[in-house]
Amino acid sequence: MNFFCGCLQGGKQHEIIEPAGLANLDSNVPIEISRGGGDLEEVDIGTVPLPPTISFEDLEKSKLVQGHVDQTDSLGWVNFLLQSAWPRFRAAANTLGKELVGRELTEAIRSSKEKLGFKIDVDFDITLDIGNNPPVLKNVNALHLTGASEGIELSASLAMTSGEGFHFELGISGTVSGLAVNPTVGVSEFTLDGHACALLAPLIDKIPVFGGCKLYFLDIPDLNLHFFGLKSVGKLLGPVIVSGVQAGLQKVLNSFVVPGGIYVPVATVPPP
């Protein structure tokens, strides 16, 4: 499908361009854009970006059949799909989070021993549940692609806050510089903001129409954590715990940044 574009640069000149021609547009220049004819609507090209998972080189190889941008506050059906898949995503994230946080805490303690020279001999009991509240998606962009594998990519702004069921605690036991410690520290609440994608592919000729769904971030989301109990572990162990927890959770998020992500098969894909 062609895009009917009128660049507002040196006067209005409407022209038809192929998807690959988008690479030649100045991202700072407002454009008028219409799909399928009708009145042209002036928008900022920055409001209709192609997700970084689709490069301009890819567009030259495959055909962008149709695109849609929804600037409403929320798309209920998209969030319903996310809520439906959340139990499985929650379980996977909890398992991965506990594993990576434990690994990073161990590494942080080892590094502190070498750099700071004080002795830490502690064990951690990690309890993690990201909770029942899935993130909310807003301003959803949809792209329909054809090529080697036809699919639909949804990209959206993502916002998530801790809510019902969220629980993250570290039970600590051992000694720090010869002193016995047995505190409990953790995270009381968090916020997560970023840009997420869901790729429904390949499209097939039977219900549920697509073979699976890949979920991923376009870049590393912003994660803010509110800790509790740090005073009980003292000035030596507190920073070690914070750095270990943050590093572990960042690695969880990094695993979902392209080209990473999680793919959930939905239907058996027939052979070509």
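**Figure 1. The largest pocket of the predicted model.** The largest pocket holds about 1100 Å³ of space. Its lining counts 45 residues. Leu 82, Trp 86, Phe 89, Pro 135 and Leu 215 are the closest of these to the pocket centre. By class, the lining has 41 nonpolar residues, three polar ones and one charged one. Rolling a probe the size of a water molecule over the atoms shows where empty space is left.

**Figure 2. Elements around the largest pocket.** Helices α2 (76-116) and α3 (234-254) each supply at least two residues of the lining. So do strands β7 (136-146), β8 (151-161), β11 (184-200), β12 (212-217), β13 and β14 (262-265). Helix α2 gives the most, with 12 residues.

**Figure 3. The largest nonpolar core.** This core has 43 residues. Phe 168, Leu 170, Ile 172, Leu 237, Ile 241 and Val 245 touch the most other members. At least two residues of the core come from each of α2, β6 (120-129), β7, β8, β9 (167-176), β11 and α3. The largest share belongs to α2, with eight residues. In soluble globular proteins, nonpolar side chains tend to be buried together.

**Figure 4. Contacts of Phe 168.** Phe 168 is among the core members that touch the most others. Neighbours within four places in sequence are left aside here. Phe 168 is then in contact with Val 101, Ile 126, Thr 127, Leu 128 and Val 185, among others. Its partners also include Gly 186, Val 187, Phe 228, Val 245 and Leu 249. One of these, Val 245, is itself listed with Phe 168 among the core residues that touch the most other members.

**Figure 5. Phe 227 in strand β13.** Strand β13 spans residues 222-228. Phe 227 has a relative accessible area of 22%, so this residue is partly exposed, above the 20% limit for buried. Beyond residues up to four places away in sequence, Phe 227 touches Gly 186, Val 187, Val 242, Val 245 and Gln 246. Ser 188 is 39 residues from Phe 227 in sequence. Their C-alpha atoms are 5.9 Å apart in space.

**Figure 6. Glu 104 in helix α2.** Glu 104 counts as buried because its relative accessibility is 12%, under the 20% limit. Outside its neighbours within four places in sequence, Glu 104 is in contact with Gly 244, Ala 247, Gly 248 and Lys 251.

**Figure 7. Leu 143 and Asn 139 in strand β7.** Leu 143 is buried, with a relative accessible area of 10%. Leu 199 lies 56 residues from Leu 143 in sequence. The two are 9.4 Å apart in space, C-alpha to C-alpha. Asn 139 is partly exposed, at 31% relative accessible area. Asn 139 has a positive phi of about 50°, although it is not a glycine.

**Figure 8. Ser 177 in the loop between β9 and β10.** Strand β10 covers residues 179-181. Phi of Ser 177 is near 55°, a positive value in a residue other than glycine. Ser 177 counts as partly exposed because its relative accessibility is 40%, between the 20% and 50% limits.

**Figure 9. Two cis peptide bonds, each leading into a proline.** One joins Ala 201 and Pro 202, with omega about -10°. Pro 202 sits in the loop between β11 and β12. The other runs from Val 258 to Pro 259, with omega near 10°. Pro 259 is found in the loop between α3 and β14. Most residues other than glycine have a negative phi, and most peptide bonds are trans.

**Figure 10. The whole chain, as context for the close-ups.** The secondary structure comes to three helices and 14 strands. Of the 272 residues, 38% count as buried. The accessible surface comes to about 15000 Å². Carbon and sulfur atoms account for 55% of that surface. Among contacts with a separation of 6 or more, 70% join residues 24 or more positions apart.

Conventions
Residues are numbered from 1 along each chain as its sequence is written. This is a predicted model: local features need pLDDT of at least 70, side-chain atom pairs count only at pLDDT 80 or more; totals for chains, interfaces and linings use all residues. Side-chain values use heavy atoms; hydrogens and water are left out. Helices (H or I, at least four residues) and strands (E, at least two) are DSSP runs, numbered from the N terminus. Buried means under 20% relative accessible area, exposed over 50%, partly exposed in between (1.4 Å probe, protein chains only). Contact means heavy atoms within 4.5 Å. On a 1 Å grid over the protein atoms alone, a cavity is a set of points where a 1.4 Å probe fits but cannot get out, and a pocket is an open set with protein on both sides within 12 Å along at least five of seven lines; lining residues have an atom within 4 Å of a point. Grid points are joined across faces, edges and corners, and a volume is the space filled by probe spheres set on the points. Ala, Val, Leu, Ile, Met, Phe, Trp, Tyr, Cys and Pro count as nonpolar, Asp, Glu, Lys and Arg as charged, and the others, Gly among them, as polar. Accessible areas come from the Shrake-Rupley method with a 1.4 Å probe; for residues, only the protein chains shown count as cover. A nonpolar core is a set of buried Ala, Val, Leu, Ile, Met, Phe, Trp, Tyr and Cys residues joined through side-chain atoms within 4.5 Å.
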